[in-house]
Amino acid sequence: MAEHSGMVDPVIFEFLQAKVDQESAISEELQEIVTTLEKQVRSAKAILSRAHSTPVAEVGNVITAAESSIRYEIDSIEKLSKAASEHPYYKWQFKWTHQVQDTIFTILFCGWLGGYTGEGEEAKPGKLLTIEEVGKIMKVPVNLKDRDAFHITIQEYLLSLVSLLDELARLARNCVTLGDYRRPLQISNFLKDVQAGFLVLNLKNDILRRRSDGIKYKVKEVEDVVYDLSLRNLLPAADT
Amino acid sequence: MEDTDPKAASPIMAMFEGFRSELDEHHDRRERIVKSSRDITAASKKIIFALQRVRKLNAPIPQNVKKTYTPHADVIASQFGSISKDVQGLHAYLYQSQISPGIQEWMESVAFEHYLLTQKLISYEGAREKLEALGNAQGGGPVLLTHEDYLLGLFDFVGEVMRFAVTNMATLYSFRKETGAPTQKPELPPQRRAAGSAMEVDTDTSATREQSVVEDMQELRMRLEQLDMPHYTPFGKNVDKKMEVMQQCVDKVEKAAYGLVVRGSERPKGWMPDLSANTEAVEAY
């Protein structure tokens with residue numbers, strides 16, 4: 001009973017099926033790149049986590065290793081950027097946004113430890129790479145508004161920044177274990193600066209709001225470390 | 001907050017202030033779209049409600065129904081017109097989840113109206129052009145109709161056809177009796193005669209034969225079930241849910257049609273069944 005004089009013109013459903021198939025193909029293509037990126041993110045994170053058990057004097061090795069590991073991530077980002085820019089950005093962003101956030105996080109953490117220093121400059125730990133700097137390192141545009149192509153968004157950057165704060169709160173404790181009483185204070189100040197930044201944002205009830213709500217606990221964790229140190233007169237005298 | 005002043009000078013703070021204005025713009029746009037989407041949903045529901053008063057398929061919408069639904073159509077036009085500038089280019093998909101409920105409900109009303117007028121399913125292209133025109137009307141640019149919203153709207157549309165079929169079963173039945181199928185030959189067994197006249201579920205494929213609403217629903221059901229969809233995406237999950245509801249809708253109408261034929265076969269010649277009880281039973285099912 002498939003006479004075409006019926007209610008449904010079969011072309012309608014042929015079109016829909018073609019559209020669905022086409023999108024599955026795009027989805028698979030993107031997924032392949034994202035899966036690779038995910039593995040590379042895991043390696044980079046593993047290398048960076050050595051910072052928790054490496055004395056500050058030797059952290060340079062971790063940075064060098066992390067920078068070269070991150071280069072693989074950036075290769076994938078380049079592929080992703082090329083593939084994704086063929087399609088409407090926000091239609092597919094959900095597929096890669098977690099992995100991209102993780103990539104940004106690895107770059108931010110590496111930069112904070114002292115990585116991504118310009119030629120001939122002395123490595124300076126404790127710096128926050130801006131979204132533009134991160135974009136440059138990842139070789140992708142940031143916060144695009146005028147055209148529809150792959151980029152990293154403010155939200156992604158900020159979410160990665162919250163992850164950095166979580167990581168630094170952990171680092172503050174581990175520094176003390178390694179006998180480094182200077183960095184907790186540095187971390188504490190950094191967290192407070194970033195927290196003040198988040199406080200000027202008018203956040204709505206979304207993921208960024210939920211994630212950033214946790215910052216205050218991280219600030220407190222690090223303050224407690226600093227307090228413990230100051231109570232025992234362990235803070236380096238010349239600092240602050 | 002005496003420490004705001006030195007902090008304002010910090011580069012971190014300057015960066016966040018830039019973010020603030022960007023995020024504020026984003027949130028404002030999103031809120032506008034959510035509000036419009038709600039208004040469009042409400043107006044579309046009212047249009048559907050008005051259209052349910054139509055009694056005749058394949059005919060122009062009666063004047064009294066038109067009068068009730070025109071103000072709601074105006075609301076829809078002005079809402080789409082005013083938000084279209086917020087959903088252009090990069091933003092078309094950014095705010096997709098905010099505008100999508102409104103578009104789906106609109107799609108449902110448009111499909112229903114198209115069906116009442118023509119007894120055909122509106123094509124994606126046809127619907128897309130309509131939506132584009134609404135977006136363009138105030139110069140904001142076209143509003144995007146994704147094929148997801150189109151399809152999800154169709155599923156809901158089946159529910160409206162069900163209501164239409166059930167409330168109008170008596171009318172459609174008598175209409176068909178008078179003008180539809182050729183006069184039944186008395187030597188046919190009663191069940192066969194009833195089936196032929198009321199629902200036309202026999203295999204008569206003569207070109208002039210009109211298709212009944214039940215058959216329309218069965219055809220649409222077949223097409224929807226035939227689609228090969230991914231099941232693991234949010235869209236796929238949504239489709240799975242709506243598929244089930246759609247099947248229930250078709251079942252209800254099929255059961256009602258069955259009841260009509262069975263009871264109809266007992267009737268004396270020229271007697272029209274009183275279907276109000278039957279209708280309620282179906283709706284309460």
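Cys249(B) is buried, at 8% relative accessible area; here buried means under 20%, exposed means over 50% and partly exposed is whatever lies in between, using a 1.4 Å probe and protein chains only. Cys110(A) is buried too, with a value of 0%. As for disulfides, counted as pairs of cysteine sulfur atoms within 2.5 Å, there are zero over all chains.

A word on the ground rules: this is a predicted model, where local features need pLDDT of at least 70 and side-chain atom pairs count only at pLDDT 80 or more, while totals for chains, interfaces and linings use all residues. Residues are numbered from 1 along each chain as its sequence is written, chains are lettered from A and ligands numbered from 1 in the order in which they are written, and side-chain values use heavy atoms, with hydrogens and water left out.

Now for the place where two chains meet. Two packed helices are described by the angle between their axes and the distance between the axes. Helix H1 of chain A covers residues 10-48, and helix H10 of chain B covers residues 213-226. (Helices are DSSP runs of H or I with at least four residues, numbered from the N terminus.) The axes of H1(A) and H10(B) come within 10 Å and cross at roughly 20 degrees, so the two helices are roughly parallel, a label for angles under 35 degrees. Their crossing is right-handed, meaning that the near helix is turned clockwise from the far one by less than a right angle.

On the H1(A) side, the contact (heavy atoms within 4.5 Å) is made by Pro10(A), Phe13(A) and Gln17(A). H10(B) brings Leu220(B), Arg223(B), Leu224(B) and Gln226(B). By type, that set divides into four nonpolar, two polar and one charged.

Gln17(A) is worth a second look. This H1(A) residue is buried, with a relative accessible area of 17%. Leaving aside neighbours within four places in sequence, Gln17(A) is in contact with Gln226(B), Leu227(B) and Asp228(B).

Finally, some backbone angles. Most residues other than glycine have a negative phi. Two asparagines of chain A have positive values, Asn143(A) and Asn233(A).

| Residue | Phi | Place in chain A | Relative accessibility |
|---|---|---|---|
| Asn143(A) | near 45 degrees | loop between H4 (131-138) and H5 (154-177) | 24%, partly exposed |
| Asn233(A) | about 60 degrees | segment after H8 (215-231) | 71%, exposed |

Technical notes. Axes fitted to C-alpha atoms, helices over the stretch in contact; angles between N-to-C directions. Parallel < 35°, antiparallel > 145°, perpendicular 65-115°, else oblique. Nonpolar A, V, L, I, M, F, W, Y, C, P; charged D, E, K, R; others polar.
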